[in-house]
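Reader: I should be grateful for a close look at a single part of this model, followed outward to the surrounding features. Please treat the matter as one connected account.

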Amino acid sequence: MTMMANGLWGRAVGALIAGLLLSMAAAMPTLAQSVRVTVNDTPITDVQISQRVKLFALEGNRGGTKGATEQLIDEAVQLSEAKRLGITVSNAQIDDAFLQIARNLKMSSDNLRQMLQQQAINSDTLKDRLRAAIAWNAVTEQAIMPQVQISDLELDQKAANQIEAYQGFDYILKEIIFVGQGSSARTGQANKYRSSFAGCDAAVDLSLNFTDAAVVDVGRRHATQMPEAIAKELAGLNVGGITKPRVVESGVSMLAVCEKTQAEDLTFIKSDLRADAGNSAMAGKVTQYLADLRKRAKIIYN
């Protein structure tokens, strides 16, 4: 009877200990992941924040806990807006973005995961940020980009203020190339050609007097399409003029002016200005859009 009682007691104690261990194990995730912030009912845990801090450190970002928390809040707001607009991000898109980062770092996806693990960073930490970035990019294209308007009149005025005197010409050009290595000898021959040059109509015939000299029709070019030094030199030439020899990859090159007209073509300057203005306007719109979303979001700090 005593032995039986002891056996029953031992099993009871064993069961009690096992139960306690199971209870502790069940309670551990709750203890390990305390919710620090809730954004539109989406929890942000201390584990997510600490992981993001480690990712920051790997990137050289000194934002710390505050910066990591704010970034996670922004991402939760961005994902919430993407969901409202019916935008979804597939795992394949995230995997592709992850692979692109690895390629930029000249490594494989597995090596990138290993690098993250060495810093105690779960690869999902990076993937979560990629998901938000992809979703927000889609939100930007769908909801913000259509709001960006660039004034053509304003661009014309800015372009006119930026254009220099030497950029106000349209040309029809021919390129004379002395092909081959040995730039000194080739430059000497090019200078000899230049001193005998009598206009574009005779350019090919003159080239036949030289070894490995070719004449190429460049066609119409505006000054803004050419490097500054060449555009300035061409501006000082009249029709029938030819530039000084320049060493290029294929040999030695000169440009002959076949036609030259005054034409303040602002297209190329406007293209750059439009891109800059668009990027600036877009950045402002995106910042304001996110700020408005945060104001409307239900953000609870615990």
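Author: Beyond its neighbours within four places in sequence, Ser109 is in contact with Phe98, Leu99 and Ala102. The model examined here is predicted. Ser109 belongs to helix 5, which covers residues 109-118. With a relative accessible area of 15%, Ser109 falls under the 20% limit and therefore counts as buried.

One of the contact partners of Ser109, Phe98, also takes part in an interaction with a charge. The charged end of Lys127 is placed over the ring of Phe98, at 5.2 Å from its centre. A second arrangement of this kind involves Lys260, which lies over the face of Phe169 at 4.4 Å from the ring centre.

Rings also pair with one another. A pair of aromatic rings is described by the distance of the centres and the angle of the planes. The structure contains six aromatic pairs. In one of them, Phe178 and Tyr193 meet edge-to-face, with 5.8 Å from centre to centre and 80° between the planes. This pair links distant parts of the chain, since Phe178 is in strand 3 (residues 169-179) and Tyr193 in helix 8 (residues 183-196), 15 residues apart. Phe178 is buried, its relative accessible area being 0%, and for Tyr193, also buried, the value is 0%.

Phe178 forms an aromatic pair with Phe210 as well; this pair is edge-to-face, with 5.5 Å between the centres and 80° between the planes. Phe210 is located in the loop between helix 9 (203-207) and strand 4 (213-222), whereas Phe178 is in strand 3, so the pair ties together parts that are 32 residues apart in sequence. Phe210 is buried, with a relative accessible area of 16%. Through ring pairs, Phe178, Tyr193, Phe197 and Phe210 are joined into a cluster.

There remains the open space in the model. Rolling a probe the size of a water molecule over the atoms shows where empty space is left. The largest pocket has a volume of about 470 Å³. Its lining consists of 19 residues, and those nearest the centre of the pocket are Thr42, Gln48, Leu72, Leu79 and Asp128. Two or more lining residues come from each of strand 2 (42-45), helix 2 (46-59), helix 3 (64-84) and helix 6 (123-144). Helix 3 supplies the largest share, six residues. Sorted by class, the lining of the largest pocket comprises six nonpolar, seven polar and six charged residues.

Key: Residues numbered from 1 in each chain as written. Predicted model: local features only at pLDDT ≥ 70, side-chain atom pairs only at ≥ 80, totals over all residues. Heavy atoms only, no water. 1 Å grid on protein atoms, 1.4 Å probe; cavity = no way out; pocket = protein on both sides within 12 Å on 5 of 7 lines; lining within 4 Å. Points joined across faces, edges and corners; volume = space filled by probe spheres on them. Helix = DSSP H or I, 4+ residues; strand = E, 2+ residues; numbered from the N terminus. Nonpolar A, V, L, I, M, F, W, Y, C, P; charged D, E, K, R; others polar. Buried < 20%, exposed > 50% of the residue type's maximum accessible area, 1.4 Å probe, protein only. Contact = heavy atoms within 4.5 Å. Phe/Tyr/Trp six-rings, centres within 6.5 Å; stacked < 30°, edge-to-face > 60°. Lys NZ or Arg CZ within 6 Å of the ring centre and 35° of its normal.
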